[in-house]
Amino acid sequence: MENRAKLALEDGTIVKGESFGYETTKIGEVVFSTGMVGYTESLTDPSFKGQILMSTYPLEGNYGVSKEHFQSDSIQADGFIVREVCRKPSRYTSQKTLNDFLEEYEIPGISGIDTRDLTLKIRTEGSMKGALTTEDISDEELLTLARNQKSIVDRDLVPEVSTKKTQIYGEDNKHMVAIIDCGVKTSIINDFLKRDLGVVRVPYDTNYQEILDYDVDGLLVSCGPGNPARLTETIDNVSHLTNRLPIFGICMGQLVIAKTFGAKTFKMKFGHRGGNQPVKDLKTGKVYITSQNHGFAVDADSLKGTDLELAQISLNDGTPEGFVHKELPIKTIQYHPEATPGPTDTNILFDEFKETIVNY
């Protein structure tokens, strides 16, 4: 007989299932992701910090866990919700089971529940605060934990995932890119290194002058978790760099850069998470399938009167997916061109950024 697990949502919903992973209790915003593969990448993605992740795909763990798929040094999500967990993976590259993976990083999991019903609830009512336990505590106590936690709007999550000290990769390369680390993924760093671009990875609150002192040729403002409005230091430092370097923003990076030009951001109802998000380029008319993971977006109306132009939109809900500056070499996107396991439709954006740097 498997051990029991429970999930409580702030609206009073209590869901009971089977436990896997570590025996503990965690709180966080409950969100869903529509990816059919890539659970290791998702769980280790810093943008899931502060959230309990639910997979809409019904079976997870069937190909095990391999270190090569990590997007950070550990699991970042605070819990995992699945319909069914496979305890005996069959892929030859597997190094451990999903259950052992969660145990190693002290993260609880719940399986054997109707994830379709729970996804429909979140789509209808929006992402909710939740609490997940694999311990023996009462429904009332669990519900209290879910309701009494801070909203993700009010949490400072980027300091928890950003590097604590500057790290340099590929220092012998001719051209170097500074990354303001708001929760950068390993695959982003790797995509620069593959293109012979060195990387200077700095903490999220690094002073702009210190960044310039590294004599970098370009700047990336990375992806990351939580509310961009709380990153006042990052926004201020980026504002001092907008006319000094070519700049690229990914996900949280787009939100931060938009705010440096006076645009506003807002919390989405349930966000975009998964590897099948359609994005339309307004100039070419092309549609790209993208990987996304964000719960905040830019208010398109607030761009009026700024120097940013809307370049791409989501075909699901019309929210902004990309901007370009009218004069400066600044480009931002809300999705992930570095996506692993994919799609890779927009990976060419790294080539374009390199060309901009080389010719600047």
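**Entry 1: V287 and its patch**

I looked up V287 in this predicted model and found that, at 44% relative accessibility, V287 counts as partly exposed. The residue is found in strand β16, and together with I289 and L315 it makes a nonpolar surface patch of about 230 Å². I note that β16, which spans 287-298, also supplies at least two residues of the largest nonpolar core.

**Entry 2: the largest core**

Which residues have the most contacts inside the largest nonpolar core? I find C182, L219 and V221 in that role, in a core that has 34 residues. Several elements each supply at least two of its residues, among them β11 (175-181), β12 (197-203), α7 (208-213), β13 (218-221) and α8 (232-239). The largest share, five residues, comes from α9, the helix at 252-260.

I then took L219 by itself and, leaving out residues up to four places away in sequence, listed what it touches: V177, A178, I180, L241, L245, P246, I247, F248 and F353. One of these, F248, belongs to a second, separate core of 20 residues, which also includes I250, C251 and L349. As general background, nonpolar side chains in soluble globular proteins tend to be buried together.

**Entry 3: strand β13 and its partners**

Are the faces of β13 covered or open? Both are covered, since I find G218 and L220 buried on one side, and L219 and V221 buried on the other. In general, the side chains of a regular strand alternate between the two faces of the sheet.

For the neighbours of β13, I recorded a parallel pairing with β11 over four bridges, in which I180 stands opposite V221. Three bridges join β13 to β14, again in the parallel sense, and here L220 stands opposite F248.

**Entry 4: helix α6**

I next checked helix α6 (residues 186-194), whose buried residues are S187, I188, I189, D191 and F192. What covers these buried residues includes β10 (167-169), β11, β12, β13, β14 (247-250) and α10 (348-359). After α6 comes D196, for which I noted a positive phi, near 60°.

**Entry 5: strands β1, β2 and β8**

Turning to the start of the chain, I found that strand β1 (residues 4-9) and strand β2 (residues 14-21) pair in the antiparallel sense over five bridges, with A5 opposite G17. The hairpin they form has four residues between the strands, and within this hairpin G12 takes a positive phi near 105°. Strand β2 is also joined by four bridges to strand β8 (residues 108-111), with the two running antiparallel, and S19 stands opposite I110 in that pairing.

Is I110 buried or exposed? I110 is buried, because its relative accessible area is 0%, and buried means under 20%. Leaving aside neighbours within four places in sequence, I110 is in contact with residues including A5, K6, L7, V15, K16, G17, F80, I81, V82 and L132. I also noted that I110 and K6 are 104 residues apart in sequence, but that their C-alpha atoms are 7.2 Å apart in space.

**Entry 6: salt bridges**

How many salt bridges does a search of the whole structure find? The search finds 14, of which I followed a few in detail. D139 forms a salt bridge with K6, the closest N and O atoms being 2.8 Å apart. This pair links distant parts of the chain, with D139 in helix α4 (residues 139-148) and K6 in strand β1, 133 residues apart.

D139 also forms a salt bridge with K16, where the closest N and O atoms are 3.5 Å apart; here the partner K16 lies in strand β2, 123 residues away from D139. K6, K16 and D139 are thus linked in a network of salt bridges.

I compared the accessibility classes of the three members. K6 is buried, with a relative accessible area of 12%, whereas D139 at 23% counts as partly exposed, and K16 at 47% is partly exposed as well.

One further bridge I looked up is that between the side chains of K96 and E104, which meet at 2.5 Å, N to O. K96 is partly exposed, with a relative accessible area of 25%, and E104, at 44%, also counts as partly exposed. In general terms, side chains of opposite charge can pair when their charged atoms come close.

Key: Residues are numbered from 1 along each chain as its sequence is written. This is a predicted model: local features need pLDDT of at least 70, side-chain atom pairs count only at pLDDT 80 or more; totals for chains, interfaces and linings use all residues. Side-chain values use heavy atoms; hydrogens and water are left out. A nonpolar core is a set of buried Ala, Val, Leu, Ile, Met, Phe, Trp, Tyr and Cys residues joined through side-chain atoms within 4.5 Å. Buried means under 20% relative accessible area, exposed over 50%, partly exposed in between (1.4 Å probe, protein chains only). Contact means heavy atoms within 4.5 Å. Patches are made of residues with over 30% relative accessible area and no salt bridge: like charges are joined within 9 Å, nonpolar side chains (Val, Leu, Ile, Met, Phe, Trp, Tyr) within 5 Å. Accessible areas come from the Shrake-Rupley method with a 1.4 Å probe; for residues, only the protein chains shown count as cover. A salt bridge is a side-chain nitrogen of Lys or Arg within 4 Å of a carboxyl oxygen of Asp or Glu. Two strands pair if DSSP finds at least two bridges between them.
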